[in-house]
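Biologist: I'm new to this one, so I'd like to go through it slowly. Could you show it to me, and then explain how you arrive at the words you use?

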Amino acid sequence: MKMDKVFSKLGIDKINEGASTGTKWLKAGGEKIDSFSPVDGKKIASVTAVTHATYDIVIAQAQVAFNEWRMWPAPKRGEVVRQIGEALRKYKEPLGMLVSYEMGKSLQEGYGEVQEMIDICDLAVGMSRQLYGLTMHSERPRHRMYEQWHPMGVVGIISSFNFPVAVWSWNSMIAFICGNTCVWKPSKKTPISAIACQNIISEVFKANNVPEGVCGLISGTRDIGEWMSNDHRVALVSATGSTNMGKIVGAAVAARLGRSLLELGGNNAIIISEYADLNIALRAAIFGAVGTAGQRCTTTRRLIIHEKVYDAFKKKLVAAYKQLSIGNPLDEKNHVGPLIDQEAVSVYAHAIKDIKKAGGKEIVAGGVLTGKGYESGCYVKPCVFEVKNEWSIVQHETFAPILYIMKYKTLDESIAMQNGVPQGLSSSIMTLNMREAEQYLSHIGSDCGIANVNIGTSGAEIGGAFGGDKETGGGRESGSDCWKAYMRRQTNTINWSDSLPLAQGIKFSV
């Protein structure tokens, strides 16, 4: 399918306004934001950013819609989400291609991202009948205690460029079944994919008479994130992006005693034990390090390798890197596509200079690619460096395909190295030794929100809670009981006696 047909099928050749209340597009009123593909450097389309006045209209409409939407039974809201999943199945191919073209990830990863959206819809449909509370025994006779969960209100969603549609769906589909309304601020680097999603769900909303305002879209720059973070009308702000961004959002929301859900940076490591299956470890390390051109929050950035297998694994790693094909991600023969833009290329280049300045040994050379097929200026070589874990450059996340390798002697040492960074998102150990695996997963093991054995750091399933600790923000999205983040808890006590006994045995007579 050619890209012009993709644009037409998704309706993005007709609309360039960056504001919507669900099925209606508004005059955004702001400056133009041009979206260029990192694949070929061509302009995809322009989107009009929202002004504060337009922002207020979208938020106000979301408030009005909440009053009606929360009264729909949760299973009925789930039925709407089920139909959204069916619509995404219908548009999986063109939407996956658009994601790949606008963001630069491989076509298979583009399709995979849409499949994640479909999967979260399926999961949310089941959750819509399982928003359970608890019943507790009261210490007072003829009293009943229980807890229940209520919708919160307007949920603001700030998503990042690397998963331009999936992260929005993780939040919105669960927020919908919980009875909330959503307002989405997509990355200014990938606004067209967001508009395509809005077009897809609007069909479902129209068919089901969903209140206007249940899902709003506001495109623009970081100013919008600041408005949302400081807005008392937004009950929960779910933000995905850098740690620096998260600290700003978290502080602003906390200052007004609002709620935030933060999914921030990762500095993820794989420990490769002397007992590892090196072939499995190699595949996990390669995909983890170069998938999405190193632009995942779960990207493998560090390999901590046992000294007994270090040389053997390094040899395998170098040989595998030589086989990587870098080029147009829409060509399925290529393993690695471009970085998101030339600013990201500059960050990559500066990071390599800093690594070399610190004393890093280049095992696989990096560099910016030029010439035919690389005209966008966004293609770089995945590279590998021998480093020390405590170096400043290694302690920080560089959103690019740069992999650090280092040695260890004991399991305790390797765990300390893995945990010895500010971030705590995803982690893995490659070992066939049961004791090593169990220690790694214990409370004295990995300090990350995600800890795996014999799989890589990248590619989480939607059934489990996704997120991390420390400077990763502490938020959890997607599966498990993450729906609780989008609701407010209420404890209820009912007295069905003919007296009023007090808790803790307190006597009070009048």
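Biologist: What makes Lys314 count as buried?

Modeller: Keep in mind that this is a predicted model, so every value is computed from it. Lys314 has a relative accessibility of 18%, and the cut-off for buried is under 20%. So Lys314 counts as buried.

Biologist: Where is Lys314 found, and what does Lys314 touch?

Modeller: Lys314 is in helix α11, residues 310–322. Not counting residues up to four places away in sequence, Lys314 touches Ile363, Glu386 and Ile405.

Biologist: Let's step back to the whole chain. How do you know whether its radius of gyration agrees with that of a compact globule?

Modeller: With 510 residues, a compact globule would have a radius of gyration near 24 Å. The chain has 24 Å, so the two agree. Along its principal axes, the C-alpha trace spans about 80 × 60 × 35 Å. For an inventory, there are 15 helices and 24 strands, and buried residues make up 57% of the 510.

Biologist: What share of the contacts joins residues at least 24 apart in sequence?

Modeller: Take the contacts between residues at least 6 apart: 74% of them join residues at least 24 apart. Asn495 and Arg142 give you a pair to look at: they are 353 residues apart along the chain, yet their C-alpha atoms are separated by 6.3 Å.

Biologist: Why is Asn495 called partly exposed?

Modeller: Its relative accessible area is 30%. Buried would need under 20% and exposed over 50%, so Asn495, at 30%, is partly exposed. Asn495 belongs to strand β24, residues 487–495. Leaving aside neighbours within four places in sequence, Asn495 is in contact with Arg142, His143 and Leu500.

Biologist: Now the helices. How do you know that the buried residues of α15 line one face?

Modeller: In α15, residues 434–441, the buried ones are Glu436, Ala437 and Tyr440. Seen down the axis of α15, they fall within an arc of 100°, so they line one face of the helix. As background, an α-helix has 3.6 residues a turn, so residues three or four places apart point the same way.

Biologist: Which residues are exposed on the other side of α15, and what do the buried ones pack against?

Modeller: Met434, Arg435 and Glu438 are exposed on that other side. The buried residues pack against β11 (268–272), α14 (411–419), β19 (426–430) and β20 (450–453).

Biologist: What about α8: which of its residues are buried, and what puts them on one face?

Modeller: In α8, residues 222–229, Ile224, Gly225, Met228 and Ser229 are buried. Their arc, seen down the axis of α8, is 135°, so they too line one face of the helix.

Biologist: There are loops next to these helices. Why is Ser219 called buried?

Modeller: Ser219 has a relative accessible area of 2%, and under 20% means buried, so Ser219 is buried. Ser219 sits in the loop between β8 (215–218) and α8. Apart from residues up to four places away in sequence, Ser219 touches Gly18, Val47, Ala49, Val50, Pro186 and Ile224. Ile224 is one of the buried residues of α8.

Biologist: And what makes Ser446 buried?

Modeller: Its relative accessible area is 14%, which is under 20%, so Ser446 is buried. Ser446 lies in the loop between α15 and β20. Neighbours within four places aside, the contacts of Ser446 are Ile415, Gln418, Asn419, Ser427, Tyr440 and Ala451. C-alpha to C-alpha, Ser446 and Ala416 are 8.6 Å apart in space, with their positions 30 residues apart in sequence.

Biologist: One more topic: backbone angles. What is the phi of Thr292, and is Thr292 buried or exposed?

Modeller: Phi of Thr292 is near 55°, a positive value in a residue other than glycine. Thr292 is in the loop between α10 (278–290) and β12 (300–306). At 3% relative accessibility, against a cut-off of under 20%, Thr292 counts as buried.

Biologist: Why does Lys470 count as partly exposed?

Modeller: Lys470 has 38% relative accessibility, which falls between the 20% and 50% cut-offs, so Lys470 counts as partly exposed. Lys470 is in strand β22, residues 469–470, and has a positive phi of about 55° although it is not a glycine.

Definitions and conventions:
Residues are numbered from 1 along each chain as its sequence is written. This is a predicted model: local features need pLDDT of at least 70, side-chain atom pairs count only at pLDDT 80 or more; totals for chains, interfaces and linings use all residues. Side-chain values use heavy atoms; hydrogens and water are left out. Helices (H or I, at least four residues) and strands (E, at least two) are DSSP runs, numbered from the N terminus. The radius of gyration is taken over C-alpha atoms; the globule rule is 2.2 Å times the number of residues to the power 0.38. Buried means under 20% relative accessible area, exposed over 50%, partly exposed in between (1.4 Å probe, protein chains only). Contact means heavy atoms within 4.5 Å. The arc is that of the directions from the helix axis to the C-beta atoms.
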